[in-house]
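Student: I would like a close look at a single part of this structure, namely its last listed helix, followed by the contacts that bear on the rest of the chain. Please give the reasoning along with the values.

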Amino acid sequence: MKLIEDLELIHEPFEKAVITLGNFDGVHKGHLALLNTTIEKAHEIHGTSVAITFEPHPIRVLDNGSHPPLITIYEQKLELLERTGIDVLLSIPFTREFADMEPNDFIEDLLVKRLGMKAIVVGNDYSFGKKRQGNIDLLRAYGDKLGFEIIIPQWITAPDGDDRISSTRIRDMIKSGDVKTVPELLGRHYQLRGKVVSGRDRGGKLLGFPTANINLRDELSPETGVYAVTVKCRFGLFKGVANIGYSPTFDDHLFTVEVHILDFNHDIYNQDIRVNLIEKLRDEKKFSGISELSEQIRKDIEKARLILEPFA
Ligand code: RBF
Ligand code: MG
């Protein structure tokens with residue numbers, strides 16, 4: 001995948017560009033349907049598959065302040081898009097000026113003349129450009145005039161019957177702890193990323209279950225609670241149990257994301273790790289003492305081992 005983060009670096013149109021565009025937050029199953037259709041069409045016409053995305057997320061530029069946390073931070077979005085096999089990812093720096101572009105200029109000047117678009121792949125509810133004035137009807141009108149095809153893939157229906165696989169729905173599932181259902185829409189488990197930092201040195205010494213405390217790079221934090229997880233670090237993929245929250249048994253009320261990795265004894269301080277949230281086990285509880293909490297964690301691990309059998 002060729003990554004282009006500056007429009008000025010495009011000096012000539014791509015060879016028969018097949019373009020899809022969106023914010024792709026999550027790179028979920030709906031996005032994958034668009035991306036795969038784009039790639040297939042490009043193969044068919046011996047052209048170039050191009051995904052266009054905007055950075056930062058337009059909402060962050062247009063509605064000052066209020067914006068939802070991203071499901072996938074930029075680095076992860078790039079990784080996931082790369083994995084689809086798309087030829088080019090054009091990440092357009094999103095500014096107010098860019099947002100003011102008239103939809104017809106966007107289509108004619110940018111997509112067709114500058115990028116060489118021969119086909120565009122969009123969802124059936126797609127709108128774009130200034131005040132979202134651009135829509136499928138406008139694309140059709142221009143398509144006839146400027147010689148490009150419009151492809152609207154069959155929208156994939158979410159398994160629960162709701163036909164919108166949207167980033168908002170996925171975000172809500174994660175926020176309510178329903179990480180077990182997330183893969184039906186996202187196509188994979190929700191993953192957190194961050195660096196292992198030193199904690200309070202309490203888990204191992206006091207409870208008998210050392211935890212790696214994670215300084216999250218992600219924006220979206222799931223509901224507090226205890227989760228069965230898998231952990232990817234440079235030593236491989238491991239099973240684990242994570243606690244996300246405030247450890248109410250203690251009085252420091254500090255929000256932490258920590259994971260006890262099963263059958264593991266490596267030093268991973270300062271290393272980047274990835275935590276896949278497989279299933280929520282329970283809410284956090286305030287225990288009457290250390291041994292009660294330890295005993296519960298022992299049970300959590302037992303339960304997690306069964307759940308995680310297929311995963312690591
Ligand atoms: N702390 C609590 O106060 N209540 C809990 O219910 C709780 N559950 C946990 C479950 C697991 C699997 C793990 C690894 C930790 C849990 N903790 C809980 C956090 C625990 O207090 C913390 O790991 C240590 O205090 C070290 O920071
Ligand atoms: Mg710890």
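Tutor: The account below begins with one helix and then turns to a buried loop residue, the metal site, the salt bridges and the aromatic pairs. The model is a predicted one.

Helix α10 comprises the 19 residues 290–308. At 1.5 Å a residue its expected span is 27 Å, and its end C-alpha atoms are 26 Å apart, so the span agrees with expectation. Which residues of α10 are buried? They are Leu 293, Ser 294, Gln 296, Ile 297, Asp 300, Ile 301, Ala 304, Ile 307 and Leu 308. These residues cover an arc of only 160° around the axis, and therefore lie on the same side of α10. Ser 291 and Leu 306, on the other side of α10, are exposed. The cover over the buried residues of α10 includes the helix α9 (203–207). Also included are β11, β12 (236–245), β13 (256–261) and β14 (272–282).

Strands β11 and β13 also serve to locate an aromatic pair. Phe 235 is placed in the loop between β11 and β12, and Phe 264 in the loop between β13 and β14; their pairing therefore ties together parts that are 29 residues apart in sequence. The geometry of Phe 235 and Phe 264 is edge-to-face, with 6.2 Å centre to centre and 70° between the planes. Phe 235 is partly exposed at 34% relative accessibility, whereas Phe 264 is buried at 18%.

The structure holds nine aromatic pairs. Another of them joins Tyr 126 and Phe 128, which are stacked at 5.6 Å centre to centre with 20° between the planes. Both partners are buried: Tyr 126 has a relative accessibility of 16%, and Phe 128 has one of 4%. Tyr 126 and Phe 128 also belong to one aromatic cluster with Phe 54, Phe 94, Phe 98 and Phe 106.

A buried residue elsewhere is Ile 71, in the loop between α2 (58–62) and α3. Its relative accessibility is 0%. Beyond residues up to four places away in sequence, Ile 71 touches Asp 25, Gly 26, Gln 76, Ser 167, Ile 170, Arg 171, Ile 174, Tyr 190, Asp 218 and Leu 220. Between Ile 71 and Gly 177 there are 14 Å in space, C-alpha to C-alpha, for a separation of 106 residues in sequence.

Helix α3 (residues 74–84) carries Glu 75, which is bridged to Arg 217 with the closest N and O atoms 3.2 Å apart. Arg 217 lies in the loop between β10 (212–216) and β11 (225–233), so this salt bridge ties together parts that are 142 residues apart in sequence. Both ends are partly exposed, Glu 75 at 31% relative accessibility and Arg 217 at 34%.

How many salt bridges does a search of the whole structure find? The search finds 21. One of them links Glu 149 with Lys 41, the closest N and O atoms being 3.0 Å apart. Because Glu 149 lies in strand β8 (residues 149–151) and Lys 41 in helix α1 (residues 29–44), the pair ties together parts that are 108 residues apart in sequence. Glu 149 is partly exposed, with 39% relative accessibility, but Lys 41 is buried, with 10%. In a further salt bridge, Lys 113 meets Glu 108 at 3.6 Å, N to O. Here Lys 113 is exposed at 54%, while Glu 108 is partly exposed at 23%. Shared partners also join salt bridges into one network, made up of Glu 75, Glu 79, Arg 193, Arg 217, Asp 272 and Arg 274. The Glu 75 and Arg 217 pair described above is thus seen again within this network.

The metal site remains. The magnesium ion (ligand 2) is coordinated by two atoms of Thr 211, O and OG1, and by OD1 of Asn 213, at 2.2 to 2.6 Å. Thr 211 is partly exposed, its relative accessibility being 26%. Asn 213 is buried, at 9%.

Methods:
Residues are numbered from 1 along each chain as its sequence is written. Chains are lettered from A and ligands numbered from 1 in the order in which they are written. This is a predicted model: local features need pLDDT of at least 70, side-chain atom pairs count only at pLDDT 80 or more; totals for chains, interfaces and linings use all residues. Side-chain values use heavy atoms; hydrogens and water are left out. A salt bridge is a side-chain nitrogen of Lys or Arg within 4 Å of a carboxyl oxygen of Asp or Glu. Helices (H or I, at least four residues) and strands (E, at least two) are DSSP runs, numbered from the N terminus. Buried means under 20% relative accessible area, exposed over 50%, partly exposed in between (1.4 Å probe, protein chains only). Donors are N, O and S atoms within 2.8 Å of the metal (3.2 Å for Na, K and Ca); water is not among the atoms, so sites may look incomplete. The expected span of a helix is 1.5 Å times one less than its number of residues. The arc is that of the directions from the helix axis to the C-beta atoms. Contact means heavy atoms within 4.5 Å. Rings of Phe, Tyr and Trp (its six-membered ring) pair if their centres lie within 6.5 Å; planes under 30 degrees apart count as stacked, over 60 as edge-to-face and the rest as tilted.
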